[in-house]
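Dear colleague,

Here is the structure I said I would pass on. My notes follow below it.

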Amino acid sequence: MSHDPADRLLTIPNALSVLRLLGVPLFLYLLLGPHADGWALVVLVAAGLSDWLDGKIARWLDQASKLGALLDPAADRLYILATLVAFVVRGIVPWWVAAVLVGRELVVGLCLPVLRSRGYGPFEVNYLGKAATFNLLYAFPMLLLAQGTSTAAQVARPVAYAFMVWGGALYLWSGVLYVYQFTLAVRRRPGVAPA
């Protein structure tokens, strides 16, 4: 049995990430089934808060783990994908916006098996990627709030689009940086550790 703290499974941050993952189907149901946008917004905001909280708790309580390093970005990506799909179905964002962001995810995802075959782990999350995710996870609730004709919707609309544009641009740029890292890694001889 390993005593390395990074191998722990049962941690508070991991539990929060699992809860966040379990919220994805509920979010999709609320958004696409009864069109309960208010409750969908609550789930999305709770997911965003738990994303911030699990990172803070991992640092405060020294509960960072290998599982958490996989669960946290997986939950973020799943929320982004689920939200984009639901927003396209509902007509909240145009299909090409979703296609560009999902395309970025596919390109980066296709790099991972090649990296593993050469002895590398997954890409380390960079601050640009975190900023992109932060912007998108703020844009999505605001886009939901912007639906309708209320004063709140009218105020939220430009803010939501600003977060969406800025987050989308950062998301694409971070993808370019990941592909650049991938290119450097595959140019090295197999078995040579990265600098």
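**Nonpolar patch and overall fold**

Helix H3, residues 66-90, gives the largest share of the nonpolar patch, namely four residues. Please keep in mind that this is a predicted model.

The patch lies on the surface, covers about 390 Å², and is made by Leu-32, Leu-78, Leu-81, Val-85 and Val-89. Leu-32 sits in helix H1, which spans residues 12-32. Is Leu-32 buried or exposed? Leu-32 is partly exposed, at a relative accessible area of 34%. Patch residues need over 30% relative accessible area, so the value of 34% puts Leu-32 past that cut-off.

As for the whole chain, the secondary structure amounts to six helices and zero strands. Read from the N terminus, the order of elements is α-α-α-α-α-α. The radius of gyration is 18 Å, close to the 16 Å that the globule rule gives for 195 residues, so the protein is as compact as a globular protein of that length. Along the principal axes, the C-alpha atoms fill a box of roughly 60 × 35 × 25 Å.

On contacts and burial: among contacts between residues at least 6 apart in sequence, 77% join residues at least 24 apart. Of the 195 residues, 39% count as buried. The accessible surface comes to about 11,300 Å², and carbon and sulfur atoms account for 72% of that area.

Regards

Key. Residues numbered from 1 in each chain as written. Predicted model: local features only at pLDDT ≥ 70, side-chain atom pairs only at ≥ 80, totals over all residues. Heavy atoms only, no water. Patch = residues over 30% accessible without salt bridge, like charges linked within 9 Å, V, L, I, M, F, W, Y side chains within 5 Å. Areas by Shrake-Rupley, 256 points an atom, 1.4 Å probe, with all protein chains shown as cover. Salt bridge = Lys/Arg side-chain N within 4 Å of Asp/Glu carboxyl O. Helix = DSSP H or I, 4+ residues; strand = E, 2+ residues; numbered from the N terminus. Buried < 20%, exposed > 50% of the residue type's maximum accessible area, 1.4 Å probe, protein only. Rg over C-alpha atoms; globule rule 2.2 N^0.38 Å. Contact = heavy atoms within 4.5 Å.
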